[in-house]
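Trainee: Could you take me through one part of this protein slowly, as if we were both leaning over the screen? I'd like one connected walk rather than a list.

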Amino acid sequence: MSASVVRATVRAVSKRKILPTRAALTLTPAAVNRISLLLKNKPGFIAMKVGVRTRGCNGLTYTLDYTKEKDKSDEEVLQDGVRVFIEKKAQLTLLGTEMDYVESKLSSEFVFNNPNIKGMCGCGESFNI
């Protein structure tokens, strides 16, 4: 009977800077307030879920839905008491993104300030990475 032996070496590293982990998605105070208000008016729902779908003239578009439970593969972002779940398909496209809520005279909407986007359509509803 032969057994394979695997060696591992351990080294102590001194004065190594440990970088803090970043949330997949950060929310502005305006987005936190709006999500909080929306969830307050929807009893039974615990969070907003962000996803991406293939749509539009440039490839992808974001979706926002209410959700009653967290799926096994969802990433959870908890900020200032507000929970946002990110679908598995959207997780890589949202890394480093800031979610904002903007109101103007003509519209009110969530805006995703995403540094990963390589191109957008003219109306700003679809993008590619």
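Mentor: Let's take the open sheet first, then what packs on it, and then an aromatic pair elsewhere in the chain.

A word on the ground rules: this is a predicted model, local features need pLDDT of at least 70, side-chain atom pairs count only at pLDDT 80 or more, and totals for chains, interfaces and linings use all residues. Residues are numbered from 1 along each chain as its sequence is written, and side-chain values use heavy atoms, with hydrogens and water left out.

Okay, the sheet. Three strands make it up, in the order β1-β6-β7, with mixed pairing. Helices (H or I, at least four residues) and strands (E, at least two) are DSSP runs numbered from the N terminus, and two strands pair if DSSP finds at least two bridges between them. At the edges sit β1 (25-27) and β7 (108-113), each pairing on one side only. On average, neighbouring strands here are turned by 25° against each other, direction ignored; axes are lines fitted to C-alpha atoms, for helices over the stretch in contact, and angles run from 0 to 180 degrees between N-to-C directions.

Now zoom in on β6 (residues 97-103). It pairs with β7 in the antiparallel sense over six bridges, and a hairpin of four residues joins β6 to β7. You can check the register yourself: Met 99 has Phe 112 in β7 as its bridge partner, while Asp 100 stands opposite Val 111.

Staying on β7, look at Glu 109. Its relative accessibility is 43%, so Glu 109 counts as partly exposed; buried means under 20% relative accessible area, exposed over 50%, and partly exposed in between (1.4 Å probe, protein chains only). Leaving aside neighbours within four places in sequence, Glu 109 is in contact with Asp 100, Tyr 101 and Val 102, contact meaning heavy atoms within 4.5 Å. The C-alpha atoms of Glu 109 and Ala 31 are 9.6 Å apart, although 78 residues separate them along the chain.

Next, helix α1 (residues 29-40) lies across β1, β6 and β7, running at about 70° to β6. That brings us to the largest nonpolar core, which has 22 residues. Such a core is a set of buried Ala, Val, Leu, Ile, Met, Phe, Trp, Tyr and Cys residues joined through side-chain atoms within 4.5 Å. Helix α1 gives the largest share, five residues. Among the residues with the most contacts inside this core are Leu 27 and Ile 35. Leaving aside neighbours within four places in sequence, Leu 27 touches Val 32, Ile 35, Gln 79, Val 82, Val 84 and Met 99.

Last stop: Phe 45 and Tyr 66 form a tilted aromatic pair, 5.6 Å centre to centre with 50° between the planes. Rings of Phe, Tyr and Trp (its six-membered ring) pair if their centres lie within 6.5 Å; planes under 30 degrees apart count as stacked, over 60 as edge-to-face and the rest as tilted. Phe 45 is in the loop between α1 and β2, and Tyr 66 is in strand β3 (residues 60-67), 21 residues apart. Tyr 66 is also the bridge partner of Met 48. Phe 45 is partly exposed, at 28% relative accessible area, and Tyr 66 is too, at 30%.
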